[in-house]
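Me: Could you take a close look at one part of this structure for me? I'd love a connected walk through a single residue and what lies around it.

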Amino acid sequence: MPENGLKQGKLNKVADPVFVHTMKVRDYECDTQGHVNNANYQHYFEVTRHEFLEKVGLNFHQLHLQGIDAVVSKVEIRYKVPLIGMDTFLCTVTHIERVNVKYIFHQEIIRLSDNATCAKAKIEVVNLVNGKLSKPDVFDEAFKEYIR
């Protein structure tokens, strides 16, 4: 089995993601039905994007101190199979698109116990420099090998 825990068939389905981050559901993230509350999926996707930034040499906080902020402008999440307490899962960045001044992160959450795709997301991010919408030059450079 590959290092990230996915069976080969699932790796092909995900089409070799740009980035993979492993996480585990914490009990307090679950609702009365025992499923992860929908809002927590946004947290998982965000943590993964921040970890991806670290991988490409950028630090979200340090960028902010320089007046550069990546801001989410739109979120689309398709919930498919619920995560439950203590599930271990992968959160991926499957690919990134650059459209005008925004980046679109395509992301998935895959439960490791059965390789089920639990959620798919498209997260649009824009770049603000000193509070003004700007071309994402610093991100263009960092993401150049990951853009589709």
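Reply: Happy to! Let's start with Ser73, which, once neighbours within four places in sequence are set aside, is in contact with Glu124, Val125 and Val126. Please keep in mind that this is a predicted model. Ser73 has its place in strand S2. Is Ser73 buried or exposed? Its relative accessible area is 45%, and because buried means under 20% and exposed means over 50%, Ser73 counts as partly exposed.

One of the contacts of Ser73, Val125, leads us to the largest pocket, which has a volume of about 180 Å³. Its lining is made up of 16 residues, and those closest to the centre are Arg49, Phe60, Ala70, Val71 and Val125. Strand S2 (68–79) is among the elements that supply at least two lining residues each, along with helix H2 (38–55), strand S4 (102–111), strand S5 (117–129) and helix H4 (137–143). H2 gives the largest share, four residues. By character, the lining divides into twelve nonpolar, two polar and two charged residues.

Back to Ser73 for a second path: Tyr103 is 30 residues away from Ser73 in sequence, while their C-alpha atoms are 9.9 Å apart in space. Arg98 lies over the face of Tyr103, at 5.7 Å from the ring centre. Tyr103 also belongs to a cluster linked by ring pairs, together with Phe19, Phe52, Phe105, Phe139, Phe143 and Tyr146.

That cluster invites a word on the rings. The model has ten aromatic pairs. Tyr44 and Phe89 make a tilted one, with 4.7 Å from centre to centre and 50° between the planes. This pair links distant parts of the chain, since Tyr44 is in helix H2 and Phe89 is in strand S3 (residues 88–99), 45 residues apart. Both Tyr44 and Phe89 are buried.

Phe139 and Phe143, two members of the cluster, also form a tilted pair, at 5.7 Å centre to centre with 40° between the planes. How are Phe139 and Phe143 placed along helix H4? They are four residues apart there, so about one helical turn separates them. Both rings belong to buried residues: Phe139 has a relative accessible area of 3%, and Phe143 has one of 2%.

So, to gather the threads around Ser73: this partly exposed residue touches Val125, one of the residues closest to the centre of the largest pocket. Its C-alpha is also 9.9 Å from that of Tyr103, a member of the aromatic cluster.

Conventions: Residues numbered from 1 in each chain as written. Predicted model: local features only at pLDDT ≥ 70, side-chain atom pairs only at ≥ 80, totals over all residues. Heavy atoms only, no water. 1 Å grid on protein atoms, 1.4 Å probe; cavity = no way out; pocket = protein on both sides within 12 Å on 5 of 7 lines; lining within 4 Å. Points joined across faces, edges and corners; volume = space filled by probe spheres on them. Nonpolar A, V, L, I, M, F, W, Y, C, P; charged D, E, K, R; others polar. Phe/Tyr/Trp six-rings, centres within 6.5 Å; stacked < 30°, edge-to-face > 60°. Buried < 20%, exposed > 50% of the residue type's maximum accessible area, 1.4 Å probe, protein only. Lys NZ or Arg CZ within 6 Å of the ring centre and 35° of its normal. Contact = heavy atoms within 4.5 Å.
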